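The exercises below concern a single protein chain. Each has a task sentence and a solution in steps.

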Amino acid sequence: MRLDKYLKVSRLIKRRTVANEACDAGKVLVNDKIARASYDVKVGDVIAIQMGQKELSVRVEKVPEFVTKEDAVTLYTVLS
């Protein structure tokens, strides 16, 4: 699954266009490397998102195509 779609499905970022813009701006790192929106997310990847002054790091646990709102938090584990 593409990184921008994963960020939207997991609800880490609300809209796919915003996720795409964050990737283009270099605010999303995967395994400590700047990632493009087209990056193929795999289980075990560590995603770091820079949002203003805050940084959120998560480890990918699942990569499903669709998920309910309640199950979205099971897709990742928050590291910091």
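## Exercise 1: a salt-bridge network

Asp4 has a relative accessibility of 1%, so Asp4 counts as buried (buried means under 20% relative accessible area, exposed over 50%, partly exposed in between, with a 1.4 Å probe and protein chains only). The model is predicted: local features need pLDDT of at least 70 and side-chain atom pairs count only at pLDDT 80 or more, while totals for chains, interfaces and linings use all residues. Residues are numbered from 1 along each chain as its sequence is written, and side-chain values use heavy atoms, with hydrogens and water left out.

Task: With which residues does Asp4 form a salt bridge?

Step 1. Apply the criterion: a side-chain nitrogen of Lys or Arg within 4 Å of a carboxyl oxygen of Asp or Glu. Over the whole structure, 4 salt bridges are found.

Step 2. Arg2 pairs with Asp4, with 3.1 Å between the closest N and O atoms. Arg2 is partly exposed, at 35% relative accessibility.

Step 3. Arg16 also forms a salt bridge with Asp4, the closest N and O atoms being 3.3 Å apart. This pair links distant parts of the chain, since Asp4 is in helix H1 and Arg16 in helix H2, 12 residues apart. Helices (H or I, at least four residues) and strands (E, at least two) are DSSP runs, numbered from the N terminus. Arg16 has a relative accessible area of 33% and is partly exposed.

Step 4. Another of the bridges joins Glu61 to Arg59, with the closest N and O atoms 3.5 Å apart. Shared partners join Arg2, Asp4 and Arg16 into one network.

## Exercise 2: the two sides of H2

Task: Which residues of H2 are buried, and which are exposed on the other side?

Step 1. In H2 (residues 16-24), the buried residues are Ala19, Ala22 and Cys23.

Step 2. These residues lie on the same side of H2 because they cover an arc of only 100 degrees around the axis (taken from the directions from the helix axis to the C-beta atoms). An α-helix has 3.6 residues a turn, so residues three or four places apart point the same way.

Step 3. Thr17, Glu21 and Asp24 are exposed on the other side of H2.

Step 4. The cover over the buried residues of H2 includes helix H1 (3-9) and strand S1 (28-30), where contact means heavy atoms within 4.5 Å. After H2 comes Gly26, with a positive phi near 80 degrees.

## Exercise 3: the largest nonpolar core

Task: Which members of the largest nonpolar core touch the most other members, and which element gives the most to this core?

Step 1. A nonpolar core is a set of buried Ala, Val, Leu, Ile, Met, Phe, Trp, Tyr and Cys residues joined through side-chain atoms within 4.5 Å.

Step 2. The largest core has 21 residues, of which Leu3, Tyr6, Leu7, Val28 and Ile47 touch the most other members.

Step 3. Two or more residues each come from H1, H2, S1, strand S3 (46-51) and strand S4 (54-60). The most come from H1, with 4 residues.

Step 4. Not counting residues up to four places away in sequence, the contacts of Leu3 include Cys23, Val28 and Ile47.
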